[in-house]
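Q: Please give a close account of one part of this structure, together with its setting in the chain. For each term, please state the cut-offs that apply.

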Amino acid sequence: MVHDYRADKPTHSIFSNVMFFLKLMFRFSPLLVIGECFWGVLMRLPTRVISVIGVKYVIDVISNGDDTRKIVVAVIVIALILILTEVGNWLYREFFFGIEREKMTAGLSKAMYEKAKSLDLSSYDDPDFYNNFILVIQGSGESVSHILFLIQRYIGEVVSLITIASIILAIDPICLLIVIGVAAVFTPLSRKIGKLQAERQIENNKYHRRADYFARIFYLQDYAKEVRMNDIQPLLIERYNDAADDVINNQIKYVRKIDFIYFFQEFGVQIFGFMFILPLYLGYCVLKTKTLLPGDFVATFNGAFSIATSFSFLTVGVVRAFSESAKLIEKYREFLKRDIEILDGEKEAPLTEPKEITLKNVGFTYPGNDEPTLKNINMTIHPYEKIALVGYNGAGKTTLTNLLLRLYDVSEGEIDIDGEDIRDVTVKSHRNRFAAVFQDFQIFAATLGENVSLDTETDRERAETALSHSGFSKKVKSGLDTPLLREFDDNGIMMSGGEGQKVAIARAFYKNCPYVILDEPSANLDPIAEYNLNQAMIEAAEDKTVVFISHRLSTTVNADKIYVMEKGEIIESGSHSELMKMNGTYAYMFNLQAEKYKKENEKNKS
């Protein structure tokens, strides 16, 4: 059954989530976090202090009939402060912020990729988790910039609030109470807005992922031939339109609610509070009680709006902004703390010559499935044997090899190597014992040598030998240094499916390990290339144990032992000759394919 991580996910406060992300960012660039906090104060406090004390000073000078040169000096000082602030801001942004932000984004992305690399394959089987996986992987840079801005502004507004409030408190405390009271009344609405905005983004991500899938089909080379040779375009466009409509409908669903609440909130705070109640009180003080002088009046009014801006953000705005961010940060926390089910054992698996592999009553059921994929598998693979797994699609062959590699763990029974359960050793050391070529192999945008070694350093002699064993004979201009694919290099070469498969097979020959798993090693090869590969594989893997899956039974003739699988169980086993004598499922499949090849050969001759 698929684990529903949403049912037992931890609930963290806004403050807790913001602090979590702040600590995460501090780990990758402490100077940037400190710099943003400092700059948040410097960008707000001087202008707001000037609007209160500076303006009050100028008005008081005029009211008292003092020397007007004082005003000139005051204006020059104010101008210098503002100029230095702007110059400092430019220098900070140009020569520090951009570089450090990239470092932080790279560090955060690396942490995400490291976690993604360690995730079990079962995590990819959970669509809800996978949606959030995409969200955090794609949103790292945007989240960093947004949270940094919020932190910067938060610190700046706190310091400004305390400073200006102290000044206004000395002039007129009631004005301060009016501003705080109005903002506090409407704070709960911000939580609602933040929650709705976060829900909208999370749901949009799900719909966008579906729309992006159908969009990719039109520009990815993998689908180019299928799309052009079949009449699937209307279906794809219809599916894309459905997904796009879902995005639009989701926007409409949330925007109406958010806009209504936001309008009510802004009307209450800005119009009712700061444009009606506050001016009434200030006007009363000036005209009726005459408790405020001209300088005090302007300073109080400017200060009140400065405090209103700070308090509005720290109560109404910050809740709205941080509520949305906190919901997204929650996804980061869930992603980084995702449980790993394929756990390390206490021992390191030795990298020695092949040992006996034993499968004892192995059973396996995929998450979310009720029926097991494998049932009661018993198998003994002796050192240096060449083992073939055959059977119809869905028989469980690939699943069995996934269990051998510990990409999944068995649901029942155990797998032993040299008498030791593979779960008793570390995952990395166990997988280092195996080289694997998967049916859905991938070629990377790297050099030919790097595609063989799958490492930053390549043993050139070993790589060339591995390519030779795999039957790779394509003439490439720069040898192992030839770039593959044209993702980033216009000089990169494209390969046919068969050529790519030979590169993938060369990886198995290159890796220094005792066991090799090949899933359909000759699927993209012609019969002659297939024969040559099989001969090369047997010779090159003479000192290894090989387990291979094949639908072409001609490749299984030289296997030491063949296991025939059907509906998750082993129904026959033995050598080719033994199975042919049994005249069972294997013999039927082999004769059927042989007759097919015979007819094709006669047709070609005629």
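A: In this predicted model, Phe-267 counts as partly exposed because its relative accessibility is 44%; buried means under 20% relative accessible area, exposed over 50%, and partly exposed in between, with a 1.4 Å probe and protein chains only. Residues are numbered from 1 along each chain as its sequence is written, and side-chain values use heavy atoms, with hydrogens and water left out. Local features need pLDDT of at least 70 and side-chain atom pairs count only at pLDDT 80 or more, whereas totals for chains, interfaces and linings use all residues.

Phe-267 lies in helix H11, residues 233–289. Helices (H or I, at least four residues) and strands (E, at least two) are DSSP runs numbered from the N terminus. The chain has 20 helices and 10 strands, and 44% of its 606 residues count as buried.

The part to examine closely is the sheet. Strands of a sheet pair through backbone hydrogen bonds, either parallel or antiparallel. Here an open sheet of six strands, with mixed pairing, follows the order S6-S7-S8-S3-S9-S10; two strands pair if DSSP finds at least two bridges between them. Strand S6 (434–437) and strand S10 (569–574) are the edge strands, each pairing on one side only. On average, neighbouring strands of this sheet are turned by 15° against each other, direction ignored; axes are lines fitted to C-alpha atoms, for helices over the stretch in contact, and angles run from 0 to 180 degrees between N-to-C directions.

At one edge, strand S9 (residues 561–566) and S10 run antiparallel and are joined by five bridges. Tyr-563 has Ser-573 in S10 as its bridge partner.

Two helices pack on the sheet, where contact means heavy atoms within 4.5 Å. Helix H13 (residues 397–404) touches strand S3 (386–391), S6, strand S7 (515–519), strand S8 (545–549) and S9, and its direction makes about 140° with that of S3. Helix H17 (residues 497–510) touches S6 and S7, and its direction makes about 175° with that of S6.

The loop between S8 and S9 contains Ser-550. Ser-550 is buried because its relative accessible area is 2%. Leaving aside neighbours within four places in sequence, the contacts of Ser-550 are Leu-389, Val-390, Glu-520, Thr-555 and Thr-556. For the chain, 77% of contacts between residues at least 6 apart in sequence join residues at least 24 apart.
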